[in-house]
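Hi everyone, thanks for coming. I'd like to walk you through one model today, so let me put it up on the screen.

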Amino acid sequence: MGTLFLCATPIGNLEDITLRALRILKEVDMIAAEDTRQTVKLLNHFEIRKPLVSYHEHNKMQKTPVLVRELLDGKDIALVTDAGTPAISDPGAELALAAYEAGVPVTSLPGASAVITALTLSGLHVGSFAFEGFLPRDKKDRERVLERLKTTAYTTVFYEAPHRLVKTLQLVAGVVESARKIAVCHELTKKHESVMQCTLAEALDYYADHQPKGEYVFVIAGADADKLEEMQKKQWEGVTLEEHMQMHIAGGMDRKEAMKVVAKERGISKNQVYKELFRE
C-alpha cells in the first residue's frame, strides 16, 4: 500500500519549498496537481521528473477513486496545489478523506501557506482566527459569512481575486464599522510584496484610485470584545431572570444547566442568578 503526501509548495518565492518536500517529490511514483501547467514549472526549476496527473475541483469526482486505487496498489502519490498547502481552498481534503476511508496512510508536509503568512504580517491579534477563503458567490451563504463579522471577536482571513477585491471590501463595509482595522496583503513572498495596514475605510479610499492587480489576501480584525459583551447584556434588558430561564428550559435544558447559560449570557455569576431567582 502506498502513502498520500499532502505537499506544500511555494506561494511565490521558490526558495520557500522545504528540503523534505523536494525529497518527497523526487521519491513518489506520481504527483497529482491542481494545475499541471503550474506544477511543471516548479518541477522543471528543481529538475524533478515525475508523472503528473490533473486533480482539481472539476474532475475530483472522477479522479478521486482512480487515485485511491493507485494508492491501494502500492503507489506513493504527492498531492500539490497551484501554490501553498493542499486542502486549503482546493479539493485536496476530499482526496485525503477518501484515502483515510480506504485505509491508506496520509501525511502532510508543512510549508508555505498564504493564510499563515498573511496573519503573521497583518499586525492584528492572531491568538484566535478564522479562515473564510473566498467569499461565497451564493447570496445567502455570503450574507451568513458577513453577518459573523459583526459578532465575532476573532481575526478573519479572506482570499480575493483582483477584479472582485473592491466589491468584497464594500460588502464587508456594509456590515461592520468603517474604522475596523484591516491588512490587505498583495503578492505575498514575491518581489513586489506589499502589506497595507489601515482601516476598512482607508482601504476603500485607496482602491478607489488604484486598480487592484495580482493576488490578494486580506485580514480583518474582530469586533471589540467589550462592546460585544455589552450588546449581549443589553438584549436581555426587560426580560426577567425567570423568563430568561424558561426560554432555555423550553429548549430542553434542565434548570441547573439553564442557570449556567443565563449567568453567562447576562455577564453575572451563577450565585447572582440563584439569589435573584430566589428573591423573585
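Let's begin with helix α2, which gives the largest share of the lining of the largest pocket, 4 residues. Before going further, please keep in mind that this is a predicted model.

How much space lies in that largest pocket? About 940 Å³. There are 32 residues lining the pocket, and the closest to its centre are Ile11, Asp82, Ala83, Gly84 and Glu215. If you look for elements that give two or more residues to the lining, you'll find α2 (36-45), β7 (155-160) and β10 (216-220). For those of you thinking about chemistry, the lining splits by class into 15 nonpolar, 9 polar and 8 charged residues.

Now, two of those elements, β7 and β10, bring us to a sheet. It is an open sheet of 5 strands with mixed pairing, and the order is β6-β7-β10-β8-β9. At the edges sit β6 (129-134) and β9 (194-199), each pairing on one side only. Direction ignored, neighbouring strands here are turned by 15° against each other on average.

Let's zoom in on one pair. Strand β8, residues 181-186, runs antiparallel to β9, and 6 bridges join the two. As a landmark on screen, isoleucine 182 stands opposite cysteine 198 in β9.

Finally, the helices. Helix α7, residues 165-173, packs on the sheet and touches β7, β8 and β10, with its direction at about 10° to that of β10. Helix α8, residues 200-209, lies across β8, β9 and β10, and runs at about 125° to β9.

That's my tour, and I'm happy to rotate the view for anyone.

Notes
Residues are numbered from 1 along each chain as its sequence is written. This is a predicted model: local features need pLDDT of at least 70, side-chain atom pairs count only at pLDDT 80 or more; totals for chains, interfaces and linings use all residues. Side-chain values use heavy atoms; hydrogens and water are left out. On a 1 Å grid over the protein atoms alone, a cavity is a set of points where a 1.4 Å probe fits but cannot get out, and a pocket is an open set with protein on both sides within 12 Å along at least five of seven lines; lining residues have an atom within 4 Å of a point. Grid points are joined across faces, edges and corners, and a volume is the space filled by probe spheres set on the points. Ala, Val, Leu, Ile, Met, Phe, Trp, Tyr, Cys and Pro count as nonpolar, Asp, Glu, Lys and Arg as charged, and the others, Gly among them, as polar. Two strands pair if DSSP finds at least two bridges between them. Axes are lines fitted to C-alpha atoms, for helices over the stretch in contact, and angles run from 0 to 180 degrees between N-to-C directions. Contact means heavy atoms within 4.5 Å.
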